[in-house]
Amino acid sequence: MGDFDAFEREAWAGRAEAYARSFGLLCAHTVPMLLDAAGVGAGVRVLDVGTGPGTAAALAVRRGAEVFAVDAEPSMVERAARAVPEARVQHALLPELPFADGEFDAVVANFVVNHVGRPAAALAELRRVAGPGGRVAVTIWSAPPAPGQALVDQALRAGGAVRPPSVPTLDAEDDFPRTEEGLTGLLTAAGLAGARCTTVRWDHVVDPEVWWAGRAAGIATSGQILLAQPPGVVAEVRRHYDELAAQFRTADGALSLPHSALLAWATTS
Ligand SMILES: C[S@@+](CC[C@H](N)C(=O)[O-])C[C@H]1O[C@@H](n2cnc3c(N)ncnc32)[C@H](O)[C@@H]1O
């Protein structure tokens, strides 16, 4: 396992509850569109890869699909299995899934491809387990990020936080542009046909303390960077967070944070 994937294993370890309370609610926004793009409805055999707390798996069950789900983090597997007892949930890591070729009509991954060290190999594996004519649909964050998405990163910079070597970036040869063209290209390079991509934009309304608490618990790369800072720097980052967050405040004191994600889908043939 490379440095990036090893970091991801550690970053998610034991964090299912903290994720579900913070980022999980943000990531839930794209789930209905993701399932639509993958054609998930009654009787469809679907695999939700990187299921996290099981948000996509749960909606797929409600649509009458036959649902399988996997995640690399044991606390996520346990939480998803509890939340979605109708789904078959198990532990597995991209880019090697414990399924035969072509087992599924649809394969989805909501904000997972941006957490793997080898995105091209991950996409090839999603394609492998989707059957003839099967559909693959994925989401990732777009870059440059929308203003609400950049809030904590800006506070980290303004507060003098330093990215520690323990928080790796993707190797250059594995990276790809986080644009509609870049993600479409990744699907096409994986051998998928008719790849299409759209940008999904929305405002995530959240309590500012809840948003901070997710990062303070180490959720997302920015949360991992925050955890690595000495207390004085954390206090400075928090001060800048409060100042920068003011521009997103709603009348009732919540934050309305603009986000944008890429949703791409394709078929195996
Ligand atoms: C941002 S969360 C998304 C969770 C869920 N799909 C959702 O929409 O809320 C990323 C998830 O991908 C999982 N993950 C990261 N790397 C993975 C890998 N290589 N294989 C499978 N799952 C992975 C993490 O454990 C985490 O649950």
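## The second largest pocket

The lining of the second largest pocket divides into 7 nonpolar, 2 polar and 3 charged residues (Ala, Val, Leu, Ile, Met, Phe, Trp, Tyr, Cys and Pro count as nonpolar, Asp, Glu, Lys and Arg as charged, and the others, Gly among them, as polar). A pocket here is an open set of points on a 1 Å grid over the protein atoms alone, with protein on both sides within 12 Å along at least five of seven lines, and lining residues have an atom within 4 Å of a point.

Helix 1 (3-12) and helix 11 (220-227) each supply at least two of these lining residues, and helix 1 gives the largest share, 5 residues (helices are DSSP runs of H or I, at least four residues). Pro-165, Ser-166, Val-167 and Pro-168 are among the other names in the lining.

## About the model

Please keep in mind that this is a predicted model: local features need pLDDT of at least 70, side-chain atom pairs count only at pLDDT 80 or more, and totals for chains, interfaces and linings use all residues. Residues are numbered from 1 along each chain as its sequence is written, and side-chain values use heavy atoms, with hydrogens and water left out.

## Around the ligand

Now to the ligand. The shell around the ligand holds 12 nonpolar, 5 polar and 3 charged residues.

A polar side-chain atom of Tyr-19 lies 2.6 Å from a ligand oxygen atom, while a polar backbone atom of Gly-50 is 2.7 Å from a ligand nitrogen atom; a polar contact is a pair of N or O atoms within 3.5 Å. The protein buries 99% of the 590 Å² that the ligand exposes when taken alone (Shrake-Rupley method, 1.4 Å probe).

Methods
Polar contact = N/O pair within 3.5 Å; in protein donor to acceptor, adjacent residues only side chain to side chain. 1 Å grid on protein atoms, 1.4 Å probe; cavity = no way out; pocket = protein on both sides within 12 Å on 5 of 7 lines; lining within 4 Å. Helix = DSSP H or I, 4+ residues; strand = E, 2+ residues; numbered from the N terminus.
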